[in-house]
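The following paragraphs lead the reader through one protein model. Please keep the sequence and the coordinates in view while reading.

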Amino acid sequence: MSNIIEIQGLTKKYGSLTALEELDLTIEEGAVFGFIGPNGAGKTTTMRILTTLLKPTSGKAWVAGHSVADDPRGVRRAIGYMPDFFGVYDDMKVWEYLDFFAACYEIPPSSRNGMVGDLLSLVDLGHKKDEMVESLSRGMKQRLCLARTLAHDPQVLILDEPASGLDPRARIEIRELLRELKDMGKTIFFSSHILSEVADVCTSIGIIEAGRLIAHGNLSEMRKQLRAHRLIQVQLLGDTAPLQEFVLQQEHVAGIDTKLDADMPANSIRLDFSGSDEQLAQLLGRLVAQGFPIISFKEETGDLEDVFMQVTKGIVH
Ligand SMILES: Nc1ncnc2c1ncn2[C@@H]1O[C@H](COP(=O)(O)OP(=O)(O)OP(=O)(O)O)[C@@H](O)[C@H]1O
Ligand SMILES: [Mg+2]
């Protein structure tokens, strides 16, 4: 598969502040890429450079084969951009608003009417066609804004926090919409701080902090990349003291934790293990051979939130 977005050594300085530092990133065609990071990390800055609204201090970027520096018009034709703030809605009806943007993209009046109807039904606003834009709820405005970015049928959608400020149901609606757009063949680059929200809709994620990309890949690849410490829970039929002594002498066991969480069963310990799956299987084999009465042996798999916390706390690099 080819890369539809390519970023090389992108740096952006605002005076003495370095908002982006040597960012490298590639995104495959058809991907739904979640760009995750805390406030001020550099997400909007990156998106504004990709959409040609902001010039980088140094570095290069291409969207759909067009260089943002040398062919900004080509880039703009290829992308639909939804900024992180609402535009001004003036005194317009919902359909007029979309018709206006379609006209801006020089779509002929004859095909505009049908297109506006299609876009409204895609974002589930067909029933609001004749309402005033300012009368819509925030979630509806967000969906209308998304419809607007689709007016010229772009290959790539760049969406800055499309789900921010929405209630859980409206967030789910946006997520469903992203899935539909992916199925239509769009590549989607969107930002968020709500990690659990993006996990199941993304094909890949990147985590940015203080202008640096600190992790990139699909979720399971990222876990592997990040995890030098695997946490293994072992539960015995009886006292764990002999087990503790034994495991601490084993290879790849960096330590043990006997302070149980509320949800851990009695007679359990947690191992901090740095080996591979094969080495983990060998460790289990040795424990069984020693006659330890093991009733459970399992790896704790954290969710996306844990991965993020590990990275941003700098525990694992
Ligand atoms: N026009 C500007 N002038 C000066 N500094 C800026 C400007 N725009 C952004 N910054 C700074 O650059 C850094 C990155 O900002 P950016 O808006 O890209 O972050 P973000 O990841 O989008 O954050 P948020 O989650 O709050 O939207 C921040 O420290 C911000 O204060
Ligand atoms: Mg932002």
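**A walk through the model**

Arg148 lies in helix α5. The model is a predicted one, and this residue serves as the point of entry. Is Arg148 buried or exposed? A residue is counted as buried when 20 or more other C-beta atoms lie within 10 Å of its own. Arg148 has 20 C-beta neighbours inside 10 Å, and therefore it counts as buried. Once its neighbours within four places in sequence are left aside, Arg148 is in contact with Leu98 and Phe101. The C-alpha atoms of Arg148 and Asp99 are separated by 9.1 Å, although their positions lie 49 residues apart along the chain as a sequence separation.

Phe100 has its place in helix α3, which covers residues 94-104. For Phe100 the count of other C-beta atoms within 10 Å is 15, so this residue is partly exposed. Phe100 and Leu159 are 59 residues apart along the chain, and 20 Å separates their C-alpha atoms.

Leu159 leads to a pair of strands. In β7, Leu159 is the bridge partner of Met82. Strand β6 (residues 79-82) and strand β7 (residues 156-159) pair in the parallel sense, over four bridges. Which residues of β6 point one way and which the other? Ile79 and Tyr81 point to one side of the strand, while Gly80 and Met82 point to the other, and all of them are buried.

The loop between α5 (138-149) and β7 contains Asp153. Asp153 is not a glycine, yet its phi is positive, at about 50 degrees. With 12 other C-beta atoms within 10 Å, Asp153 is exposed. A second residue of this kind is His252, which is not a glycine either and has a positive phi of about 70 degrees. His252 is found in the loop between α9 (241-247) and β12 (253-257). Its surroundings hold 15 other C-beta atoms within 10 Å, so His252 is partly exposed.

Positive phi also appears in a hairpin. Strand β9 (residues 204-209) and strand β10 (residues 212-217) run antiparallel and are joined by five bridges. Within this pairing, Gly206 stands opposite His216 in β10. The hairpin has two residues between the strands, and Ala210 takes a positive phi near 45 degrees there.

Another part of the model is an open sheet. Four strands form it in the order β2-β1-β4-β5, with antiparallel pairing. Why is one side of β2 and of β5 (66-67) left without a neighbour in the sheet? These two strands stand at the edges and each has a single partner strand, so one side of each remains without a neighbour in the sheet. At the β5 edge, two bridges join this strand to β4 (residues 58-63), and the two run antiparallel. There Val63 stands opposite His66 in β5.

The edge strand β2 also has a part in the surroundings of the ligand. Around ligand 1 are Tyr14, Leu17, Ala19, Gly37, Asn39, Gly40, Ala41, Gly42, Lys43, Thr44, Thr45 and Asp84. The elements giving two or more residues to this shell are β2 (17-28) and α1 (43-50). Helix α1 gives the most, with three residues. By character, the shell divides into four nonpolar, six polar and two charged residues.

The view may now be widened to the whole protein. Eleven helices and 14 strands are present in it. The domain assignment gives domain 1 (3-219) and domain 2 (227-312). How far apart are the C-alpha centres of domain 1 and domain 2? The distance between these centres is 43 Å.

The overall dimensions can be set beside this division. The C-alpha trace spans about 80 × 45 × 35 Å along its principal axes. The radius of gyration of the protein is 25 Å, whereas a compact globule of 317 residues would have one near 20 Å. Of the 317 residues, 32% count as buried. Finally, among contacts between residues at least 6 apart in sequence, 68% join residues at least 24 apart.

Definitions and conventions. Residues are numbered from 1 along each chain as its sequence is written. Chains are lettered from A and ligands numbered from 1 in the order in which they are written. This is a predicted model: local features need pLDDT of at least 70, side-chain atom pairs count only at pLDDT 80 or more; totals for chains, interfaces and linings use all residues. Domain bounds come from an automatic or database domain assignment. A residue is near a molecule or strand if its C-beta atom, placed from the backbone, lies within 6 Å of it. Ala, Val, Leu, Ile, Met, Phe, Trp, Tyr, Cys and Pro count as nonpolar, Asp, Glu, Lys and Arg as charged, and the others, Gly among them, as polar. Two strands pair if DSSP finds at least two bridges between them. The radius of gyration is taken over C-alpha atoms; the globule rule is 2.2 Å times the number of residues to the power 0.38. Two residues are in contact if their C-beta atoms, placed from the backbone, lie within 7 Å.
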